[in-house]
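Please find below my note on the structure, set out as numbered points. It may be read with the sequence and coordinates at hand.

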Amino acid sequence: MSVNGPSVPRPQPAAKPAAGTSAAGPAAGPAAGAAAVTTQHVGAASAQLRRAVVVGGNRIPFARTGGAYTKSSNQDMLTAALDGLIARFGLQDERIGEVAAGAVLKHSRDFNLTREAVLGSALSAETPAYDLQQACATGLETVLGLANKIKLGQIDSAIAGGVDSASDAPIAVSEGLREVLLDLNRAKTVSRKLQVLSRLRPKDLAPDAPNTGEPRTGLSMGEHQALTTAQWKITREAQDELAFNSHRNLAAAFDAGFFDDLLTPYRGLSRDSNLRADTSLEKLATLKPVFGKNLGAEATMTAGNSTPLTDGASTVLLASEEWADAHDLPKLAAVVDGEAAAVDFVHGKDGLLMAPAFAVPRLLARHNLTLADIDFFEIHEAFAGTVLSTLAAWEDEDFGRTRLGLDGAFGSIDRTKLNVNGSSLAAGHPFAATGGRIVASLAKMLHAQGQVNGRPARGLVSICAAGGQGVVAILEAL
Amino acid sequence: MSDKYTQFVSHGLGKDIAKRLGLPQPVALRRYQPGRPLIEGPLLVQGSTGGADELAATLLSWNLDVRRHAIPKEKLGAIILVLDELAHPGDLEKPVLTTAASLRDLAPNARLITVSRTADSAPGPATAAARQGVDGLLRSLAKELRAGATGNGILLGDGARPTSPATLGALRFFLSGRSAFVDGQFLTVSSDAGQLPGDVGKPLAGKVAVVTGAARGIGAAIARTLYRDGATVILVDIPAAGDHLAEVANEVHGTALQLDISRDDAGQRIIDHAAARHGRLDIVIHNAGITRDKLLANMDAGRWNSVIAVNIAAQLRINEALLASEHFRGSPRIVSVASTSGIAGNRGQTNYAASKAGVIGMVRATAPLIGGRGGSINAVAPGFIETEMTARIPFATREVARRLNSLQQGGQPGDVAEAIAFLASDAAGGISGEVLRVCGQNLVGA
């Protein structure tokens, strides 16, 4: 209910309730949330916080890199996702409070990517926009940031989003060539220019290809996860089963028309191109490991249980309740709260993608909730191993005691509530676009579910990100 | 935009060659543009009945340049031939031959419109013969008109007068460029229902309209036309066509609803969307349709069933939901797209023609049902229309097909849209259960 939420002593979630948290439970209204905030050190102490609601979303189908969107730029795809959203909700010429989006793989020319996409869309040209970048958490962070602005009353409506293209990735010139070019630009005389050019060596002409490796370890994300997967003893079978469920659930969702009002076709695609509706556990079992091959028999991560590089874009329409009502638009779910965490993967204390294992307990504690209070879990499937390592950590007594400061294990989840309409293993994962995909889908599921045990249905989003980060959020049905 | 041949024979050398060789000489048709005069040039009202006088007075009040007697050599924008009191075929002679003297004075793209009564309501054989005579007269005369001029007729049922709202609405439609590709056709006004618009430029102001199959072609043109006429448009198409749908929706400031109309709950989802977003639903245009052509000897169940499911079964199911809905009240209007294939038949289209003829049967039978809630339902049957679909017909076949009508050219998607927009307006309220062909008076299936 709060901007950053009333903070509680960390990392002792079990030791609460700290002052104010009991009143800040999700069932409490905005006023109660605000009252809780006054006892805390959060800036907007006396502000009357209002609800930020998810009106709906739109994304383009995700395409495997080198496929249907090879010739599409980030701006093309983000604009297409925006235009589909505008068409769905009749937002033509509307001045939206603010649009925020971002991309992980970004050209230097895209310094104002989101604003340029807005200018190319059917929105009012008077709609302001900004770019945000937090690796794979970019999409979810735009939702949380904009929701906070709505709660504070700074804006009434917002569009959050994200886009990524691994097909149209930027390629930089080598550091040597770059230095020569800059010096050349500064050189005033012909002789000086020639002098600068003479420094150029053939190796300087080789381009600097993009790579998603961690700058501080040199390991790719897959190699990092392979270490974590092995550390938590996640079996190949368990990973393949998660991947299989992802494909099966996503295919069923498409067949049921679940995405009819969440997705707009683009460039000949009307379904995610990575989706294999006919995959089977047997087929997945035949794939050879691609990450952690130096682990020998413990190498379990294949192309089937890891997400492929993907192109795509997503958007989410957020609003205050008043704005949604005034525009006769639906209110699917409230954005309750979010939490970011980071881990020290550089020194090997935790796995690269394990930050959500810490963020979720902190966020739930702030709202007096446990895993049993969640009706839909949307845990981003960067790799099947990521989801399963996170769940394993939560079920681990030692991890709960030593790392989370609890009395024992944090808890386990009902697997039938996990990624029920598929997730990244099937849909693909255009880095910054994943948050928007998940939030819009979850909001729709929550709205359809309505009440659970006399309280609004509740959903948890968890997204891991490069740099050892993670962002998680709670949404609640309206 | 006219086709290349029409452009070629419209000027200079091309015009000269076509004339010498007796080739078809299609002209660029006068099409509706908001703000332009209803017709170009004076309008002659022929006929000596009270109805003719009344009509002339009304047209005068529209600030038209109305003549009751022709001035020789004066170019005319339109002739309205009022034949509302015929009792015997002999009564045709005087008004018809008087009109004949003015035919050479018709300007390019002029209009000739008859106003007479329906034969099936005639009190006796002689009256019926006279009234039915107008049918043959008008259809033949339309074929004699040249240079984009068209001839159409308004038939008055028992409950209608020469100045009923829908008579005047139909008259305005036939006079204007909205009816550019409608030729040799009759519209029956059956009642005094309906209302002329306050603003003739925005006849659909305040209305919420649904258009199915709105992503491209005729459907997109319908959405654009309804929007131009003041309606708020909900655009429906299958999810796979969503990108084109979004583009059109953004152009017409409408909302896109990705929905397969053959789903069981399609009607309810349309109603829910309209009610939630716009609080009402006034107009539904059933445009979505598919073709799966095959000679019947080679027809399979898949081709047959999908055409029937989308083209007629879906409309029936959606209409059922609409007629049960509290949101579809006031003066609700349904317009369905049929096809001349459904009237005249077409080789290789048994499934399509069956579905489109089915639409016509459905429209006639639904008229009394929707009439009970003050509404109307009609169909429009397009002939050869220049769309992406007809552009795929082989050149020679296409060239022949588009010349086989009185206007010697294909119609534009907008021509179909104009007819639909008119039938969806309150000005057409007294017209229901009708099928209006937009075919340039196609030579087949008249």
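The points below take up confidence, the chain contact, one helix and one sheet.

1. The model is predicted, and its confidence should be considered first. Chain A has an average pLDDT of 88, with 89% of the residues at 70 or above. Residues 1-46 of chain A stay under 50 in pLDDT, and the model has 94 contacts beyond four places in sequence for this stretch.

2. On the contact between the chains, 17 residues of chain A meet 18 residues of chain B. The chain A side of this contact consists of seven nonpolar, five polar and five charged residues.

3. Helix α15 of chain A covers residues 434-449. Its 16 residues, at 1.5 Å a residue, should span 22 Å, and the end C-alpha atoms are 22 Å apart, so the expected and modelled spans agree. Of the 16 residues in α15(A), 13 are buried, which leaves the helix mostly covered. G450(A), just after α15(A), adopts a positive phi of about 70°.

4. In chain B, seven strands make up an open sheet with parallel pairing, in the order β9-β8-β7-β10-β11-β12-β13. Its edge strands, β9 (255-258) and β13 (435-438) of chain B, each pair on one side only. On average, neighbouring strands of the sheet are turned by 20° against each other, direction ignored.

5. At the β13(B) edge, strand β12 of chain B (residues 376-382) pairs with β13(B) in the parallel sense over four bridges. P382(B) has V438(B) in β13(B) as its bridge partner.

6. Helix α7 of chain B (residues 217-228) lies across β7, β8, β10, β11 and β12 of chain B. The helix runs at about 170° to β7(B).

Note on methods. Residues are numbered from 1 along each chain as its sequence is written. Chains are lettered from A and ligands numbered from 1 in the order in which they are written. This is a predicted model: local features need pLDDT of at least 70, side-chain atom pairs count only at pLDDT 80 or more; totals for chains, interfaces and linings use all residues. Two residues are in contact if their C-beta atoms, placed from the backbone, lie within 7 Å. Ala, Val, Leu, Ile, Met, Phe, Trp, Tyr, Cys and Pro count as nonpolar, Asp, Glu, Lys and Arg as charged, and the others, Gly among them, as polar. pLDDT is the predictor's confidence in each residue, from 0 to 100. Helices (H or I, at least four residues) and strands (E, at least two) are DSSP runs, numbered from the N terminus. The expected span of a helix is 1.5 Å times one less than its number of residues. A residue is buried if 20 or more other C-beta atoms lie within 10 Å of its own, exposed if 12 or fewer, and partly exposed in between; C-beta atoms are placed from the backbone. Two strands pair if DSSP finds at least two bridges between them. Axes are lines fitted to C-alpha atoms, for helices over the stretch in contact, and angles run from 0 to 180 degrees between N-to-C directions.
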